[in-house]
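Biologist: Could you take me through one part of this protein slowly? I would love a close look at how two helices pack together.

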Amino acid sequence: MFSDLKGKKILITGSTAGIGLAAAKAFAAQGAHVGINGRQPSSAIGAVLSEFDGLAGDVMYFAADLNQSAECKKLVDEFVAHFGGMDVLVNNAGGLGGRDGLENIDDAFYDRVMDLNARSALMMTKYSIPLLRESAAQSGETSCVISTGSIAAREGGGVGAGIYAASKAWLHDIHRNWVKEFTKDNIRFNIVSPGTIDTAFHEDKPSELKANIANSIPMKRFGTGNELAPSFMFFASHACSGYITGQILDVNGGQMCP
Ligand code: NAD
């Protein structure tokens, strides 16, 4: 079904664990050339890379802290130097960045959360656009940007996570703007919007709270990274979604039905 992903050059930010790693492995299993990214030095990433052993595609790790725009540019430059172009960008790096009430929030807190979830995706997309434009021109098909949004963007997030939720709503919305600017270049923009997924994102929560959250989900459990991966593949595949852009796909076990 996803056979046109074979040989595609796909960069996934924030992909040393969780949802990003599951997506990266799924793309590699289809024979794609996959760039993974995190903040850790390359020397610390051996176990992650070994998870790609035996998969049809190839993988390369690129260390970059995407809170900084210069690092976004460096990541794109290094990816292209290695793979020779880019067909798909997945803006997945993100996270809560801290949890605190409005009255305690200061500029440093605001900047940290917005830089990680909004500015990083903005700058990654900015530096990738020329490559994605070139990819589409050469293939005669579409190239694309996929960003990881959040259920929080739709419902406001938990108490203390307001800036995180707003940063994801910002991401959902700026995709709509990019559709207007870049559809002429045959670049598509879509969002995969997870509900509550069992990753390190929730490691600070006590098990009783996790059980309560699971119980509030119609499917009565958290989702997994592997259950997210096919949605990224669907949007990355021109054969599957070449006429789909500006959309948000919610993968949330029925937690919210917008
Ligand atoms: P995770 O903590 O397992 O993975 C986060 C990844 O991002 C890691 O690879 C980490 O190294 C990387 N990362 C963090 N900060 C970075 C930075 N400054 N520069 C580069 N890489 C960085 O979490 P996850 O749950 O897999 O989260 C992935 C995405 O999914 C995030 O954007 C998150 O907001 C979103 N999301 C997660 C959930 C959930 O329930 N897990 C729900 C909605 C949205």
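Modeller: Here is a walk along one pair of helices and the aromatic rings around them. This is a predicted model, where local features need pLDDT of at least 70, side-chain atom pairs count only at pLDDT 80 or more, and totals for chains, interfaces and linings use all residues. Residues are numbered from 1 along each chain as its sequence is written, and side-chain values use heavy atoms, with hydrogens and water left out.

Two packed helices are described by the angle between their axes and the distance between the axes. Helix α4 (residues 107-139) and helix α6 (residues 162-182) have axes that come within 9 Å and cross at roughly 20°. That makes the two helices roughly parallel (angles under 35 degrees count as such). Where do they touch, with contact meaning heavy atoms within 4.5 Å? Among the α4 residues are F109, Y110 and R133, and they belong to a set that meets α6 residues including Y164, W170 and F182. The residues of this contact divide into 15 nonpolar, three polar and two charged.

Two of those α6 residues also take part in ring pairs (ring centres within 6.5 Å; planes under 30 degrees apart are stacked, over 60 edge-to-face, the rest tilted). The rings of Y164 and F201 are tilted, with centres 5.5 Å apart and planes at 55°. F201 sits in the loop between β6 (187-194) and α7 (207-216), so this pair ties together parts that are 37 residues apart in sequence. Y164 is buried at 9% relative accessibility, whereas F201, at 31%, is partly exposed (buried is under 20%, exposed over 50%, partly exposed in between, with a 1.4 Å probe and protein chains only). F182 and F189 are also tilted, with ring centres 6.1 Å apart and planes at 40°.

Technical notes: Axes are lines fitted to C-alpha atoms, for helices over the stretch in contact, and angles run from 0 to 180 degrees between N-to-C directions. Helices (H or I, at least four residues) and strands (E, at least two) are DSSP runs, numbered from the N terminus. Angles under 35 degrees count as roughly parallel, over 145 as roughly antiparallel, 65 to 115 as roughly perpendicular and the rest as oblique. Contact means heavy atoms within 4.5 Å. Ala, Val, Leu, Ile, Met, Phe, Trp, Tyr, Cys and Pro count as nonpolar, Asp, Glu, Lys and Arg as charged, and the others, Gly among them, as polar. Rings of Phe, Tyr and Trp (its six-membered ring) pair if their centres lie within 6.5 Å; planes under 30 degrees apart count as stacked, over 60 as edge-to-face and the rest as tilted.
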